[in-house]
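Morning, everyone. Please bring up the sequence and the structure, and keep both in view while I talk.

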Amino acid sequence: METTHFSSSLLEDKNEADASIQNKETTYFYRKKVDGANQETERNKGEASKIEVRGLNLKIKNKVILNDINVKIPRNKITIILGPSGCGKTTLMKSMNRLTELYPEMNVKGEIFIDGEEILNSRRDVTEIRKQMGLLSQRPYPLPMSIYKNVAYGLKISGRLKKRFLDKRVEHYLRQASLWNEVKDRLRDPASGLSIGQQQRLCLARGLAVDPDIILADEPTSALDPISSQEIEKKFVELKNNYTIVMVTHILRQAARIADYVVFMYLGEVIEQGPANEFFNNPKTEITKAYLKGSIN
């Protein structure tokens, strides 16, 4: 089974969540959610959703990792899944392309819709479902081959390997990832020779070459220097015109810079969600206010 750019441990969420749950000094906030804060805002109800999550629950043995998650991800926007470490952000994102199935100890229930099609319980080939979504991990994982072949591999997955078009397509996706001018004279060099920031953009190019509708990004700038981080952020803002982008981060300033929509999570639940401007300027729950002030992390 081929999977695009998979690399991260969902069990890290579990371990960190256990530690968070034991922090009794902050759990009182958890009880003060406003009624309905776990539902979509009125403004979002009228928008076309690319992804909809309904009643998603995930457990590892008796540990609840995700509890009754209901989220609508708007089309052609940057949606930031925000929250402290261990709150279930990555697990929620990975559920969207069924990578949770790689962990048999995880018990997942609920529904996830992509363009109105339910995919979590679908009999459709999971590889075909995953082709709809490019995945960018916390650290870049270029394939052990040339820069050129890394992008060509994405084209292979999507079945577009006709030689007469290959060079142009590789160039196209490297340009989309703002990498072409930096590598055009060394396409046959090993991808491992690139800087970490360039490797991350190469992984983005490879993901785009699969021709997805959605980009899932799990803290994609966490291992990058500030300049490389800015490149990724700027590229996401450009790409949202053609893709729906879902990005996990715990960096408030980054979320404020690029988010169109925010889903805020705490201890495995969605506490609040809505347009970014509304979320940052008019938070509705006590726990959100405390998080934005830095009182909890």
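I'll go from the overall count to the sheet, the hairpin, the aromatic rings, the cores and one helix.

Some ground rules. This is a predicted model, where local features need pLDDT of at least 70, side-chain atom pairs count only at pLDDT 80 or more, and totals for chains, interfaces and linings use all residues. Residues are numbered from 1 along each chain as its sequence is written, and side-chain values use heavy atoms, with hydrogens and water left out.

Overall picture. How many helices and strands does the protein have? There are 13 helices and 10 strands. Both are DSSP runs, numbered from the N terminus: helices are H or I with at least four residues, strands are E with at least two. The protein has 297 residues, and 55% of them are buried. Buried means under 20% relative accessible area, exposed means over 50%, and partly exposed is in between, using a 1.4 Å probe and protein chains only. Now contacts, meaning heavy atoms within 4.5 Å. Take the contacts between residues at least 6 apart in sequence: 72% of them join residues at least 24 apart.

Next, a sheet. Four strands make an open sheet, in the order β2-β1-β4-β5, and the pairing is antiparallel. Two strands pair if DSSP finds at least two bridges between them. Which strands sit at the edges? They are β2, residues 63–74, and β5, residues 117–118; each pairs on one side only. Strand β4 covers residues 106–114, and 2 bridges join it to β5. Look at isoleucine 114: its bridge partner in β5 is glutamate 117.

Now the hairpin. β9 and β10 form it, with 2 residues between them. Leucine 267 is in the turn, with a positive phi of about 50°. The two strands, β9 and β10, run antiparallel and are joined by 6 bridges. One partnership to find: methionine 265 with valine 270 in β10. Is β10 mostly covered or mostly open? Mostly covered: 7 of its 7 residues, 269–275, are buried.

Stay on β9 for the rings. A pair of aromatic rings is described by the distance of the centres and the angle of the planes. Rings of Phe, Tyr and Trp (its six-membered ring) pair if their centres lie within 6.5 Å; planes under 30 degrees apart count as stacked, over 60 as edge-to-face, and the rest as tilted. By this rule there are 3 aromatic pairs. Why is the pair of phenylalanine 264 and phenylalanine 279 called tilted? Because the planes are at 50°, with the centres 6.1 Å apart. Phenylalanine 264 belongs to strand β9, residues 261–266, and phenylalanine 279 to helix α12, residues 276–281; they are 15 residues apart. Phenylalanine 264 also pairs with tyrosine 291, again tilted, at 4.9 Å centre to centre and 35° between the planes. Tyrosine 291 is in helix α13, residues 286–293, so this pair ties together parts that are 27 residues apart in sequence. Phenylalanine 264 has a relative accessible area of 0%, so it counts as buried. Tyrosine 291 is at 5%, so it is buried too. Phe264, Phe279, Phe280 and Tyr291 form one aromatic cluster.

On to the cores. In soluble globular proteins, nonpolar side chains tend to be buried together. A nonpolar core here is a set of buried Ala, Val, Leu, Ile, Met, Phe, Trp, Tyr and Cys residues joined through side-chain atoms within 4.5 Å. The largest has 49 residues, and Leu174 and Phe236 touch the most other members. Helix α9, residues 196–209, gives the largest share of this core, 6 residues. A second, separate core has 33 residues, including Val53, Leu56, Leu58 and Tyr261. Back to leucine 174: beyond four places away in sequence, the residues it touches include Val151, Trp180 and Leu202.

Val151 takes us to helix α6, where it is one of the buried residues. α6 spans residues 147–157, and 8 of its 11 residues are buried. What do those buried residues pack against? Helices α7 (163–176), α8 (180–183) and α9. After α6 comes glycine 159, with a positive phi near 75°.

That's my tour; please turn the model and find these places yourselves.
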